[in-house]
Amino acid sequence: MKCRYSAPATIATLLVVWTFVQPVTAASAADLEKQFVAKIDELMPGMGAAKIEDRKDAQMTFEHLCFENSTPAKQIERKALCKALMQRVGSDVALPARVWLLRKVETIGREEVVPGLAQLMGDKEEIIRETARRALANNPVPAAAAALRAELDKAQNPVWKLALVKALGWRRDVAAVPQIVKLTADGNAEVAHASVAALGTIADSASLTALAQLRKQTPKGLENAVNDASFRAAQTIATAGKKWQAADIFEEYNKAAAPEALRITALQGIAAAKGAYAVPELLMIVAEPCPRMRLVAACCLQRIPGSDVTRKLTAALAGLNAEQKAVMIEMLGRRGDASARAEVAKYLQDKDADVQVAAIGAMRYIGNGSVVQALVEIAGKDTGAARDAARDSLKWMTGKDVDAEVLKLAQQSGRIKAEAVRAAAVRLMKPAMDAMLSCTHDSDESVRVPVIYNVGKLAKPADLPKVMRAFAKLEGDQTRSTAKDALVRICSRIPEESKRGKLLIDGLASAEPSTKVLLIQAVASVRGEGALEALRKCAQSEDSQIKQAAVSALADWGPVYCSTWAYSGPYKKDGAKHTDLFDVAFAPEEPNGKAEWKQVKDKGYDVDLKKLDKGDNICGYLRTQIVSDKQQDVILCIGSDDGVKVWVDGVVVDSKNMSRGHKRGEDEVKVTLKKGVSTLLLKVTQGNGDWFASCGIKSPQGGPADGVSFEAK
Amino acid sequence: MAERTRVSRRNLLKGAAAAMAAPYIVSASALGKNGWKPASERITVGFIGVGNMGGGHFPGFLDDKQVQVVAVCDVDAKKRKSHCEMAEKKYAADRQAGQFKGIEDYNEFEKLLARPDIDAVLIAVPDHWHATVAIYAARHGKDVYCEKPLTLTIREAQALVKAVRRYGRVLQTGSQQRSDSNFRLACELVRSGRIGKLEKVTVGVAGPSQERYFPEQPVREGFDWERWLGPAPWQPYNEDRCSGNYGGGWRHVRDYSGGMMTDWGAHHFDIAQWGIGHDGEGAGPFEIIPHGPCPDIRETPEEGKGLEFRYKTQWGITPVFHGKANGILFTGTDGKIEVNRGYIKSWPDDIVLEPLSANDVHLYESPGHRQDWLNCIRNRQRPICDVAVGASTIMTCHLGNIAYWLGRSIKWDPAKGEIIGDEEASRWLDRPKRGPWRLYV
């Protein structure tokens, strides 16, 4: 269903409805009301249709009418519409229509609907009573609350009482408190519960007094309700500024003997209400033996803002035992207030391991250049948790002074240098690149591996020759595997996919055997022009290590993808979807068809056809030549977005008329190539969105096919 | 002072682990075997809702040796029974025991939440139940993983934040894209200025929910229809109305859901707000402007034809458009970044390839959405998609829906959480609840 979007702003057009409703003009609110009544009557059969699915058009038309006529600038129209609407919710109207009209009243009615809704709360139909109650609950005018209170006075049925109490509580109706207080003693437990809950929501002074009384003398079975209502009321008044009054309520529950859940809630409330004034009592809880409460209190302290609080907390450290101190130092770090740094730094060499680790860890958040040397020394000297924490903090501390200090230490020697270089690497500090390359053979694998890994992240393709030199003769499986990944990562920054392996292949010529193995593995991942030939050459090597690496790489090679294509397109037919075009023979697939072909400049293996042509429901053709030095069976590996039809020398070998995303090698088709040149033609359809295709060739055994290459035509 | 929350810390863990409640019924022979944490350190979890999403989480929790699933609640008897059986079989196999008993099933969530031995619950019920169940859970001292969209209304979102803070609970919103490194990277790059001054963000999700008209059908056996409806207005049963299928079902119905604007918006608008540094308490747009008609629930509007959410950001006034993008598209003066599941792309290319240094903006790095939640249960820190984050995201989505449905601009005060100058629009901030369902605010 479409609607007219912009409302005409002429004075004459008081009522703007949707396109299928004629605009109505009126001279007065009374006339307007009549017109609305007429409109409702027109829609009534549909809105009240016996079959649910037949109600949609009329009900939605009416809803739009309501939305359109209840803007802030259309209060006259809103009132007239509501009055009209209330004329048509009587029992003579079909029930579904009554319900629908009342649900609209719920969102637009005000004073004008209250008497009618009050009456409907006595309707014989339960769903009408309930819908009227909800409409009053959501009506902002005071008269609506008065109507709900009057109904509550009359109510006998506990379910109805409960619903009314709930509505009044939801409205935070202060005037209802006396009635609700009485109902806290109702014989029906649910009504009593709901009444206590409503007092917690309303949270005015009378409610607070009533709840205080209930806390002193809690009726059996209402304990949880009273506690919860008290907490909610306290939170509400704290937010409204009555923080000390709220704190008094929370304090009632902050007793060592109180159930844990109540005490946890009390502590949250005390911290929120009293702020810095809560610090002493929270510190006392940190010193309690219960680890759970200690943790909760520490987290509360963590979230109280202010440097004055930080000062109080750091001053308290000296008086705590080691276990408490560790928790507090950690919390001081999480607060992120650097004013705690000097005090916390005193514990960087603490005898207690937990305290020391906590202090080192806290530096992650509050450390600066002044603690870098201490952390580097810890990382270079200690082991285990202290070293891990120091390395972590060195990684995450922010500031140029931190960088400067790390660089300075990276010029030193021994473990200080190694750890500083490690820090520079994980901090991705480009100026430290040469220092990093000098540490790739560090005796500690936990230094050299992250260094090598981050060289991969930072180095540019132009750095490859010196990176390859730095990676010569690396030892250790993890080190070599990381180095291979680093080389691949650096090569991946070369924009043209087919050129990415060149520098590595060049490096193969002069590398010593163990480095050659590393480069073979990297070439096998990077691929590109000349990679296959280079690996085949290495597979002939007399060095068994090199031979094995190359043979293994060739076995895992998979298809060789084509990166040299000619393109013709786009082709389309009026009104035809891409799936309809699939079997339409355009010029490129006709034996003597005259098509215009252009070379695809992009040398990637996945052809992004949207770079060549744009449009939905079109198709295009890709053509290349396969040259084989013998007749042989091969597997064509085809991927397309959307559908694809593939010909080899004019014979259809794959046909997928569908909408799909591109995935290399999704279709695998066995074909027999003749010796010499075969023509490969792909027709790729495009519905909408991405438009891609790719095609590769592998041997039936999975490796690269021997003596096969692609050549542009 | 910014709160810094990161992965679990051993001191906090140590304290929390010692205090963790013992599971309900777990054989002593299971202590610490086969990589399982000892029962006294395992987090006991109840599932509330085991349909599409809850059922999706369930096997992962059974495999997780840090937790013990002890209870299942669903209004569909067949589903809850089958999940109990699945858990018992799995636990019996893990313990190399012939039998394992100890998973209780419930039709009423209140009964599950009344159990003092349950530490935490995963809530994966339809949207119109989220706030009621989650607040009830927090009140009963449970930590919560609540599926997104966090709530059905704005007032519910505000109430849920208050409740979680009041009771000192941990709540992880199930907007798990925050725990995905691609989304985090995109936001870090934007906030580190890699695309220059941020000019706009485009969020590609489909439209709001609608009134739906399903014919009446007999209620299927074992299905508690009244309880499924719960606080929503009464309607006759229909299989499609209460189906959880992603392409239709209750997600399309306005009484139970905000449609794709909230279902997917809880993911993509969440990332947009993360990227512009506008999430958590007091965050949100100050104006929402519809530039075209309300789109269908299956339709994503063209750029400039959908909503414009206007934010005050570090870059000035930043518009976030509801329009066509592959996920979320950040456009700056020096480039663009687009991110979606399994996809991140920048223009120029090297923006996403150039690594961020220690001095760039680094956002909370989650070890995985479930693991982050479990860590926070132990260390009492706030998880990556804390209740305030989930609430600020879903409030934005709801404001979008209100603007679409009413066909007019909305002015919003994010600090006060109120619509400005439009009383009838304000009445969409909440929905009165049916029958006995009351929300504790």
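I began by fixing a term: a residue is buried if its relative accessible area is under 20%, exposed if over 50%, and partly exposed in between, computed with a 1.4 Å probe on protein chains only. I also noted that this is a predicted model, in which local features need pLDDT of at least 70 and side-chain atom pairs count only at pLDDT 80 or more, while totals for chains, interfaces and linings use all residues. Residues are numbered from 1 along each chain as its sequence is written, chains are lettered from A and ligands numbered from 1 in the order in which they are written, and side-chain values use heavy atoms, with hydrogens and water left out.

**Entry 1: confidence in chain A**

I looked up pLDDT, the predictor's confidence in each residue, from 0 to 100. Chain A averages 92, and 96% of its residues score at least 70. Over residues 1-24 of chain A, however, the pLDDT is below 50, and this stretch has 47 contacts beyond near neighbours in sequence (a contact means heavy atoms within 4.5 Å). Where pLDDT is low, the predicted coordinates should not be read in detail.

**Entry 2: strand β9 of chain A**

Helices (H or I, at least four residues) and strands (E, at least two) are DSSP runs, numbered from the N terminus. Which side chains of β9 (residues 667-673) of chain A are buried? I found that A:D667, A:V669, A:V671 and A:L673 point to one face and are buried, whereas A:E668, A:K670 and A:T672 point to the other and are not. In a regular strand the side chains alternate between the two faces of the sheet.

Two strands pair if DSSP finds at least two bridges between them. Strand β6 (residues 632-641) of chain A runs antiparallel to β9(A), joined to it by 7 bridges, and A:C637 stands opposite A:E668 in β9(A).

**Entry 3: salt bridges**

I counted a salt bridge where a side-chain nitrogen of Lys or Arg lies within 4 Å of a carboxyl oxygen of Asp or Glu; the search finds 88 of them over all chains.

In β9(A), A:D667 forms one with A:K656, the closest N and O atoms being 3.5 Å apart. A:K656 lies in strand β8 (residues 651-656) of chain A, 11 residues from A:D667. At 25% relative accessibility A:K656 is partly exposed, whereas A:D667, at 5%, is buried.

A second pair is A:R292 and A:E260, at 3.1 Å from N to O. It links helix α16 (residues 291-302) of chain A, which holds A:R292, to helix α14 (residues 260-274) of chain A, which holds A:E260. A:R292 is buried at 11%, while A:E260 is partly exposed at 37%.

In a third pair, A:D403 and A:R427 come to 2.8 Å between their closest N and O atoms, and both residues are buried.

**Entry 4: the sheet in chain B**

How many strands form the open sheet of chain B? I found 9, in the order β13-β12-β11-β7-β10-β9-β8-β14-β15, with mixed pairing. Strands β13 (343-347) and β15 (418-420) of chain B stand at the edges with a single partner strand each, so one side of each is left without a neighbour in the sheet.

Within this sheet, β7 (residues 198-203) and β11 (residues 328-332) of chain B pair in the antiparallel sense over 5 bridges, and B:V203 has B:I328 as its bridge partner in β11(B).
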